[in-house]
Amino acid sequence: MKFSIVTPAYNMERWIRGTIESVLAQEGNFEIEYILQDGASSDKTVAIFEDYKTRLLRGEISIKCNKITMMSFSEKDKGASDATNKGFTHATGDIYTWVDADNTYVPGAFAGIAKVFVAFPYIQWLKGYSSSMDEGGRMLNTRQTYLYRQDWLRDGIYGLESYHVNADTVFWTAELWKKTGPIPDDYRCAGECWLWIQMAKFTPLWSVNQYVSVYRKREGQLSKDTD
């Protein structure tokens with residue numbers, strides 16, 4: 001199994017090291033294809049990513065899965081959704097996901113997700129659960145494992161009238177992305193809400209009691225601009 005992970009980013013040099021290291025630390029019987037889709041940052045975001053890539057190629061970073069490849073692309077985009085779409089055009093894996101450059105994965109996240117996809121081949125769309133931290137990295141709370149009704153997902157109720165479907169906890173097959181993506185590139189934020197509606201037209205979202213990620217709450221992030 002190969003995971004294709006996209007990180008859309010713009011001027012995220014303060015946070016991205018933690019994100020990268022959380023990907024490189026994943027352990028298990030799978031490959032990782034890690035793609036940075038940068039929006040022409042003016043800081044060191046791309047340079048930091050490329051430094052990790054160089055160290056990985058030199059064998060200076062010990063990997064705990066079968067193989068890891070890293071690639072970065074930097075060009076102007078229309079926002080996070082556009083960047084995410086561009087990132088996935090380079091993806092060649094079996095399972096897709098994206099993680100923002102200020103969030104992280106927990107140890108064992110991918111191993112747990114891979115186990116479910118292998119054991120239940122009919123599952124196309126899978127969600128674990130996450131915790132949250134503040135800007136300085138202090139843990140705030142741990143969320144629960146929720147179940148999701150397919151009809152409510154199709155109607156866009158989750159995230160508006162009911163609990164949210166956090167993108168950093170969701171994994172799906174490449175085939176499902178081909179049926180539903182890309183996200184409309186004029187979505188400045190919350191493009192995942194559109195994507196979940198489309199995916200729910202084809203298949204249910206399955207939940208697994210697996211801790212997968214940590215979401216960082218900080219000033220300046222788009223998700224705080226609810227208007």
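Hi everyone. When I say strand today, I mean a DSSP run of E with at least two residues, numbered from the N terminus. L140, for example, lies in one of these, strand β7, which covers residues 139-142. One thing to keep in mind throughout is that this is a predicted model.

Let's stay with L140 for a moment. Its relative accessible area is 37%, so L140 is partly exposed. Setting aside residues up to four places away in sequence, L140 touches S132, M133, D134 and K217. There is a long-range neighbour to look for as well: R216 sits 76 residues from L140 along the chain, yet their C-alpha atoms are separated by 9.5 Å.

Now let's go inside. Which residues touch the most other members of the largest nonpolar core? They are F3, I5, I20, I32, M70, F110 and F171, out of 39 residues in that core. Two or more residues come from each of β1 (2-9), α1 (16-24), β2 (27-38), α2 (45-57), β3 (64-74), α4, β6 and β9 (206-216). Helix α4 contributes the most, with six residues.

I'd like to zoom in on I20. Not counting neighbours within four places in sequence, I20 is in contact with Y34, I48, F49, Y52 and M70. Apart from this core lies another one, of 24 residues, and its members include A91, W125, L153 and W177.

Back to helix α1, where I20 is one of the buried residues, together with I16, T19, S22, V23 and L24. What do the buried residues of α1 pack against? Their partners are β1, β2, α2, β3 and β5, the last of these being residues 104-105.

Next, please find L205, in the loop between α7 and β9. Is L205 buried or exposed? Buried means under 20% relative accessible area. At 5% relative accessibility, L205 therefore counts as buried. Beyond four places in sequence, L205 touches W125, L126, K127, Y148, L153 and V165. Looking at C-alpha atoms, L205 and L147 are 8.2 Å apart in space and 58 residues apart in sequence.

Just before that loop comes helix α7, residues 191-200, and Q198 is found there. Q198 has a relative accessible area of 14%, so this residue is buried too. The side chains of Q198 and K201 are joined by a polar contact of 3.0 Å.

Out on the surface, F120, Y122 and W206 make a nonpolar patch of about 330 Å². If you want to find Y122, look in the loop between α4 (109-119) and β6 (125-133).

Finally, a few backbone details. Where is the cis peptide bond I'd like you to see? It joins G181 and P182, with omega at about -5°, and P182 lies in the loop between α6 (174-180) and α7.

Two residues that are not glycines have a positive phi. For N11 the angle is about 50°, and N11 is found in the loop between β1 and α1. With 29% relative accessibility, N11 counts as partly exposed. For A40, phi is about 65°, and the place of A40 is in the loop between β2 and α2. A40 is partly exposed as well, at a relative accessible area of 31%.

That's my tour. Thanks for listening!

Note on methods:
Residues numbered from 1 in each chain as written. Predicted model: local features only at pLDDT ≥ 70, side-chain atom pairs only at ≥ 80, totals over all residues. Heavy atoms only, no water. Patch = residues over 30% accessible without salt bridge, like charges linked within 9 Å, V, L, I, M, F, W, Y side chains within 5 Å. Areas by Shrake-Rupley, 256 points an atom, 1.4 Å probe, with all protein chains shown as cover. Salt bridge = Lys/Arg side-chain N within 4 Å of Asp/Glu carboxyl O. Helix = DSSP H or I, 4+ residues; strand = E, 2+ residues; numbered from the N terminus. Core = buried A, V, L, I, M, F, W, Y, C linked by side-chain atoms within 4.5 Å. Buried < 20%, exposed > 50% of the residue type's maximum accessible area, 1.4 Å probe, protein only. Contact = heavy atoms within 4.5 Å. Polar contact = N/O pair within 3.5 Å; in protein donor to acceptor, adjacent residues only side chain to side chain.
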